[in-house]
There are 2 protein chains.
Amino acid sequence: MTFPLPENVPTPALVVDIDVLDRNVRRAAATADEKGYALRPHAKTHKTRELAARQIGAGATGLTVATVGEAEVFATAGVDDLFIAYPVWADAAKGDRLRRLADRVRLTVGVDSAAGARRLARAVGGAGVSVLVEVDSGHHRTGVAPRDAGTVAGAAVEAGLAVTGVFTFPGHGYAPGAPEAAARDEERALAEAADGIRAVGLAVSVVSGGSTPTVAAWRPGVVTELRPGVYVFNDAQQLVLGSCGPGDIALVAAATVVSVPERDRMVLDAGSKVLGADRLKWMPGFGFLTALPDATVLSLSEHHAVVRLPDGTGPPGPGAVVGIVPNHVCTAVNLADELLVTRAGEVIDRWPVAARGANF
Amino acid sequence: MTFPLPENVPTPALVVDIDVLDRNVRRAAATADEKGYALRPHAKTHKTRELAARQIGAGATGLTVATVGEAEVFATAGVDDLFIAYPVWADAAKGDRLRRLADRVRLTVGVDSAAGARRLARAVGGAGVSVLVEVDSGHHRTGVAPRDAGTVAGAAVEAGLAVTGVFTFPGHGYAPGAPEAAARDEERALAEAADGIRAVGLAVSVVSGGSTPTVAAWRPGVVTELRPGVYVFNDAQQLVLGSCGPGDIALVAAATVVSVPERDRMVLDAGSKVLGADRLKWMPGFGFLTALPDATVLSLSEHHAVVRLPDGTGPPGPGAVVGIVPNHVCTAVNLADELLVTRAGEVIDRWPVAARGANF
């Protein structure tokens with residue numbers, strides 16, 4: 001995998017290849033347009049105003065966010081249609097913030113229980129907040145069973161909220177070979193939930209699914225909107241899942257070889273405080289090295305990546321700068337204050353991670 | 001485990017119990033004083049000026065940090081003796097920063113190769129930077145073999161640096177039952193390395209070991225200084241290792257129950273972007289719940305903790321606020337902008353995580 005790194009960059013740093021990034025953004029938008037679903041990218045991946053503007057400019061119908069804090073950042077950045085894809089428990093402070101947001105943007109919030117819907121309605125008062133009912137399509141995280149969606153929707157309407165549809169996150173598609181089946185689960189669960197909502201006399205205009213690994217398995221019929229996030233940068237998990245190729249990686253951590261204790265082991269200055277400690281059990285290590293695809297990132301400490309080199313590879317000398325593709329780009333970006341934006345190995349811009357830490 | 005949480009705190013948030021914290025700080029200082037080793041706490045755990053001041057006030061000889069950036073933050077905060085326990089590869093920019101630091105504080109930097117030492121010497125010029133040679137005592141991360149310490153020390157002196165001793169991190173003590181043996185490995189490795197340095201005609205004034213799990217196994221004779229970090233807050237890993245008890249936990253993440261999809265499963269609003277995704281293979285989950293010690297934090301998404309409740313436990317209602325002890329407190333703190341400081345469940349202060357993200 002080639003990923004040109006700028007010279008004299010202080011490491012560790014997150015480096016974006018803007019040409020790859022722009023291609024990823026345009027391709028996802030073109031595919032959505034061609035196939036006929038709405039694209040509402042999840043902005044928790046990038047947390048940057050510049051990328052939000054690119055996604056909206058390419059035709060996204062709005063953005064997805066995970067928290068009230070992220071919604072505030074992107075509303076201030078001028079995005080006027082935001083979906084908080086989370087069953088927000090609206091205490092008084094979050095209720096005030098949601099009300100203020102609803103004055104500025106078209107705001108949709110997730111609910112997955114009658115109690116949560118009543119709480120949200122009380123907290124936002126008469127503000128124009130729409131809700132989507134979250135359904136569990138097999139990931140077994142949040143979300144009601146599809147058969148219970150009508151009950152939750154009815155409770156939300158009774159409490160004074162406008163229900164516009166259903167959503168799910170098919171997170172069980174995050175395993176090799178699993179995306180296609182997860183997309184079918186998603187479709188089935190959303191269809192049953194939408195029918196249940198219609199059965200209590202409500203219209204369903206949004207049927208929203210998600211996730212970079214399952215997007216390619218979308219079929220016409222049920223799902224009207226998709227919410228992938230990672231596709232803008234891609235990462236080591238997506239490479240293993242096959243949802244991107246090596247040429248689609250738009251972000252790496254630049255790291256310096258600080259120590260070569262043995263011929264088959266070297267240590268880099270990017271650890272879990274830069275890459276994130278995410279490692280799903282099917283991942284072979286804690287990231288991939290762009291220039292040494294057969295090397296294994298054996299372990300991360302906070303400021304060390306310990307790399308096992310394949311037999312016969314002479315280790316790069318100490319001081320060499322290498323690129324690491326993080327396992328999970330969303331957590332890596334959330335650890336950084338800024339992204340170094342490059343074209344052909346030259347730094348052309350720096351984007352602040354504006355919503356870094358906006359996790360409540 | 002009881003940990004009083006403040007009411008009406010926006011979640012997720014990191015909450016510190018200042019009385020437990022102060023007891024942890026004082027006890028570590030008193031033990032060091034009584035037993036006769038120098039305490040140089042690792043500030044990467046807390047990254048806060050207020051805690052640095054408490055540690056120095058309690059008698060710490062200085063602080064340990066992991067990066068040049070952390071050293072800059074604590075130098076500005078008035079700490080005048082800093083050890084960067086890392087084999088910094090000193091490019092031109094880091095060389096300039098180290099020189100400026102050495103003008104302001106007593107600065108020591110780690111080296112683990114002759115090449116690294118020569119590079120450091122060239123980058124800092126004639127600035128008064130001392131070095132400690134890093135030795136691998138069994139963790140197999142950075143550090144030279146103990147028998148090679150003399151060679152590295154000789155190269156450092158030849159390059160113009162002042163060598164004051166040796167250090168190691170016995171990270172292989174992070175496993176149940178392992179701390180005692182790791183402390184003995186540490187002692188042996190440091191003794192051999194110190195002898196090697198003396199054999200090339202140099203004095204050894206600092207023999208520095210580390211880590212919260214191995215501190216209690218310190219014996220007089222070889223090791224003159226210890227660098228524990230986590231002990232100020234403690235965390236779920238330390239509970240499993242037995243290096244602290246439930247009453248010594250000084251930091252939890254306050255999280256709200258946002259969803260109770262089944263009687264034995266609930267979902268909290270603190271995920272990997274708050275707790276960190278760290279999970280060593282001997283940890284039973286991704287953290288402990290203070291009020292429900294038999295519950296298991298099965299999985300983390302970025303904004304969700306999925307908790308399995310033991311049979312017969314009625315789940316807390318949605319909206320309940322619970323405390324989670326993070327697996328690894330250092331990564332959790334690095335994700336937060338501030339710590340809520342409490343006494344008996346009342347917020348009495350907010351400490352900025354001043355060195356958050358200071359990872360280069």
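In this predicted model, helix 6 of chain A, residues 149-159, lies across strand 5 (106-111), strand 6 (129-134) and strand 7 of chain A. Relative to strand 6 of chain A, helix 6 runs at about 160°. A second helix of chain A is placed against other strands: helix 3 (residues 68-76) lies across strand 3 and strand 4 (81-84) of chain A. The angle between helix 3 and strand 4 of chain A is about 170°.

The strands named above belong to an open sheet of 8 strands in chain A, whose order is 2-9-8-7-6-5-4-3 and whose pairing is parallel. At its edges are strand 2 (38-39) and strand 3 (63-65) of chain A, each of which pairs on one side only. Within the sheet, strand 7 (residues 162-167) and strand 8 (residues 206-210) of chain A run parallel and are joined by 3 bridges. A:Phe167 has A:Ser208, in strand 8 of chain A, as its bridge partner.

Helix 3 of chain A also takes part in a charged pairing. Side chains of opposite charge can pair when their charged atoms come close. The side chain of A:Glu70 forms a salt bridge with that of A:Lys47, at 2.9 Å from N to O. A:Glu70 lies in helix 3 of chain A, whereas A:Lys47 lies in the loop between strand 2 and helix 2 (49-57) of chain A, so the pair ties together parts that are 23 residues apart in sequence. Over all chains, the count comes to 42 salt bridges.

The description now turns to the interface between the two chains. Here 50 residues of chain A are in contact with 50 residues of chain B. The area buried between chain A and chain B is about 4000 Å², and carbon and sulfur atoms give 53% of it. On the chain A side, A:Tyr86, A:Trp89 and A:Arg141 lose the most area to chain B, together accounting for 16% of what that side buries.

Between chain A and chain B there are 4 salt bridges. B:Asp337 and A:Arg356 meet through their side chains in a salt bridge, with an N to O distance of 2.5 Å. Polar contact between chain A and chain B involves 24 residue pairs, with both residues at pLDDT 80 or more. Among the elements of chain A that each supply at least two residues of the side touching chain B are strand 10 (251-262), strand 11 (265-268), helix 9 (272-275) and helix 10 (329-335). The residues of that side of chain A divide into 18 nonpolar, 17 polar and 15 charged.

Terms used: Residues numbered from 1 in each chain as written. Chains lettered and ligands numbered in written order. Predicted model: local features only at pLDDT ≥ 70, side-chain atom pairs only at ≥ 80, totals over all residues. Heavy atoms only, no water. Contact = heavy atoms within 4.5 Å. Buried area = accessible area lost by both parts, 1.4 Å probe. Polar contact = N/O pair within 3.5 Å; in protein donor to acceptor, adjacent residues only side chain to side chain. Helix = DSSP H or I, 4+ residues; strand = E, 2+ residues; numbered from the N terminus. Nonpolar A, V, L, I, M, F, W, Y, C, P; charged D, E, K, R; others polar. Pairing = 2+ DSSP bridges. Axes fitted to C-alpha atoms, helices over the stretch in contact; angles between N-to-C directions.
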